[in-house]
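Below is a short note for a colleague who is meeting this structure for the first time. The points are numbered and may be read beside the sequence and the 3D view.

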Amino acid sequence: MNANASQNVMVNVPNVDWNANAANGANANGSDTRAVTDPTMGNGKRVSPTNMTAPEDSEYRSELTDVAREIRTFKNHPQLLKVEKIIEPKKQTVKVYLRDGRVLPADPDKIRSVRYDAAVTFLDAAGLGPKKMPAPAVNPEKEAAKEEAMKGKP
């Protein structure tokens, strides 16, 4: 047989009315297959998102409504209260909430994972990263005195 020739396989499939149970949402084994479209538990109470543990004594949760939200809450960080990433169809925004009440915008490109990134990453993305120490001022007279003192020592 030619290697490029297609091989058709015939399978006997019983004639089944696949829509027979569609009205009540049950499939052949009796389980409910309807998609859940109402975010309530049937008794009017809303389903709340589940918090998951995250590094640095924090909790993470995600929510999906008309937009997606990722929220990480820090329990004991001295500066950070929480970080919120909002994902919309054409843009992403990140807000950093500080314990002193300020809410700062952060650069979403500097954050890889709201759940796993270090707190310093969020502070840096909000412009509060570690401060670079300026180079100490050089006093030429003191430097010359140090050099003179070093000349006499082996």
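**Notes on the predicted model**

1. Aspartate 57 is found in the loop between strand 1 and strand 2, and in this predicted model the residue has a positive phi of about 50 degrees although it is not a glycine. With a relative accessible area of 38%, aspartate 57 is partly exposed, because that value falls between the 20% limit for buried and the 50% limit for exposed.

2. Glutamate 56 deserves to be read together with that residue, as it is found in the loop between strand 1 (52-54) and strand 2 (58-64). Glutamate 56 has a positive phi as well, of about 60 degrees, and is likewise not a glycine. Its relative accessibility is 42%, so glutamate 56 counts as partly exposed.

3. For orientation, the protein has two helices and six strands, and from the N terminus on the order of these elements is β-β-β-β-β-β-α-α. Of the 154 residues in the protein, 20% are buried. The protein exposes about 12400 Å², and carbon and sulfur atoms supply 53% of that area. Among the contacts in the protein with a separation of 6 or more, 20% are accounted for by residues 24 or more positions apart.

4. Which residues touch the most other members of the largest nonpolar core? In this core of 17 residues they are Leu80, Val96, Ala106, Ile111 and Phe122. Two or more residues each are given to the core by strand 4 (80-87), strand 5 (92-98), strand 6 (103-106) and helix 1 (119-125), and the largest share, four residues, comes from helix 1. As background, nonpolar side chains tend to be buried together in soluble globular proteins.

5. Valine 96, named above among those core residues, can be followed through its contacts. Once its neighbours within four places in sequence are left aside, valine 96 is in contact with Leu80, Lys82, Arg102, Val103, Leu104, Ala106, Phe122 and Ala126. Lysine 82, one of these partners, also lies over the face of tyrosine 97, at 4.7 Å from the ring centre.

6. The structure holds one aromatic pair. Phenylalanine 74 and phenylalanine 122 form this pair, which is edge-to-face, with 6.1 Å centre to centre and 70 degrees between the planes. The two residues are 48 residues apart, phenylalanine 74 in strand 3 (residues 68-74) and phenylalanine 122 in helix 1, and the pair thereby links distant parts of the chain. Both phenylalanine 74 and phenylalanine 122 are buried, and phenylalanine 122 is also in contact with valine 96.

7. Is isoleucine 86, which lies in strand 4, buried or exposed? Its relative accessibility is 10%, so isoleucine 86 counts as buried, given that the limit for buried is under 20%. Not counting residues up to four places away in sequence, isoleucine 86 touches Val67, Ala68, Arg69, Lys91, Gln92, Thr93 and Lys95. From C-alpha to C-alpha, isoleucine 86 and glutamate 70 are 6.7 Å apart in space, while in sequence they are 16 residues apart.

Note on methods
Residues are numbered from 1 along each chain as its sequence is written. This is a predicted model: local features need pLDDT of at least 70, side-chain atom pairs count only at pLDDT 80 or more; totals for chains, interfaces and linings use all residues. Side-chain values use heavy atoms; hydrogens and water are left out. A nonpolar core is a set of buried Ala, Val, Leu, Ile, Met, Phe, Trp, Tyr and Cys residues joined through side-chain atoms within 4.5 Å. Buried means under 20% relative accessible area, exposed over 50%, partly exposed in between (1.4 Å probe, protein chains only). Contact means heavy atoms within 4.5 Å. Accessible areas come from the Shrake-Rupley method with a 1.4 Å probe; for residues, only the protein chains shown count as cover. Rings of Phe, Tyr and Trp (its six-membered ring) pair if their centres lie within 6.5 Å; planes under 30 degrees apart count as stacked, over 60 as edge-to-face and the rest as tilted. A charge sits over a ring if NZ of Lys or CZ of Arg is within 6 Å of the ring centre and within 35 degrees of the ring normal.
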